Amino acid sequence: DLSKLRRSGTSEATPIVAGIAAMVISYAESTGGQTMRSAVCNTAVMREILRKMASMPGHHDEHMGYGNLDPWRLFKYGQDHFRQVVEEVVGPLPVLHPRNREAETQTDEMSC
């Protein structure tokens, strides 16, 4: 009976964290174009952004890490809040106007 199978730990969390990271990358591109996307693709930057979503962002222990991730903490206030969080980690980024944002996000090559 699979309903009694208990799952926990890194093996269970990895695909969820990967999905949240993909959401961050996608939202970064729609918010700040390829420049912001490239910034959040940096491992150290992504780690800090994920920490800001954690239920215990300033506390780490061996059993819970930084707690549970809550992407809503990052996305619920819109693009301006998201930009602010990213810039807290990487510093100021250029602001793209809507017409420039669309042109920048339509590149042939995507890295990350």
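Helices, in the sense used here, are DSSP runs of H or I that hold at least four residues, and they are numbered from the N terminus. With that in mind, the structure above, which is a predicted model, can be read along its sequence as the pattern α-α-α-α-α. The protein has 5 helices and 0 strands. Of its 112 residues, 29% count as buried, and among the contacts with a separation of 6 or more, 54% are made by residues that lie 24 or more positions apart.

A good place to begin is helix α2, which runs over residues 43–53 and whose buried residues are V45, M46, I49, L50 and M53. These residues cover an arc of only 135° around the axis, and therefore they lie on the same side of α2. The spacing of such residues follows a simple rule: an α-helix has 3.6 residues a turn, so residues three or four places apart point the same way. What covers the buried residues of α2 includes α1 (10–41), α3 (72–75) and α4 (79–90). At the start of α2 there is a further detail to look for, since a side-chain oxygen of N42 reaches to within 2.9 Å of the backbone nitrogen of A44.

One residue of α2 deserves a closer look. I49, which is found in helix α2, counts as buried because its relative accessibility is 0%, where the cut-off for a buried residue is under 20%. If residues up to four places away in sequence are not counted, I49 touches V24, V40, L74, V86 and V89. One of these partners, L74, is 25 residues from I49 along the chain, and the C-alpha atoms of the two are separated by 8.4 Å.

From here the reader can move to helix α4, where F82 has its place. Is F82 buried or exposed? With a relative accessible area of 0%, F82 is buried. Leaving out residues up to four places away in sequence, F82 touches V24, Y27, A28, T31, M36, L74 and F75. V24 and L74 are among the residues touched by F82, and they are also among those touched by I49. F82 and I49 themselves are 33 residues apart in sequence, while their C-alpha atoms are 9.7 Å apart in space.

Helix α4 also holds R83. This arginine counts as buried because its relative accessibility is 11%, a value to be set against the cut-off of under 20%. When neighbours within four places in sequence are left aside, R83 is in contact with T31, G32, M36, L93, P94, V95 and L96. T31 and M36 thus appear among the contacts of R83, just as they appear among the residues that F82 touches.

The last stop is the largest pocket, in which about 680 Å³ of space lies. It is lined by 22 residues, of which A13, V17, M64, G65 and G67 are the closest to its centre. Which helix gives the most to this lining? That helix is α1, which contributes 7 residues, and both α1 and α2 supply at least two residues each. Sorted by class, the lining of the largest pocket has 9 nonpolar, 8 polar and 5 charged residues. Helix α2 therefore enters the picture in two ways, with buried residues that lie on the same side of the helix and with at least two residues in the lining of the largest pocket.

Methods. Residues numbered from 1 in each chain as written. Predicted model: local features only at pLDDT ≥ 70, side-chain atom pairs only at ≥ 80, totals over all residues. Heavy atoms only, no water. Buried < 20%, exposed > 50% of the residue type's maximum accessible area, 1.4 Å probe, protein only. Arc of directions from axis to C-beta. Contact = heavy atoms within 4.5 Å. Polar contact = N/O pair within 3.5 Å; in protein donor to acceptor, adjacent residues only side chain to side chain. 1 Å grid on protein atoms, 1.4 Å probe; cavity = no way out; pocket = protein on both sides within 12 Å on 5 of 7 lines; lining within 4 Å. Points joined across faces, edges and corners; volume = space filled by probe spheres on them. Nonpolar A, V, L, I, M, F, W, Y, C, P; charged D, E, K, R; others polar.
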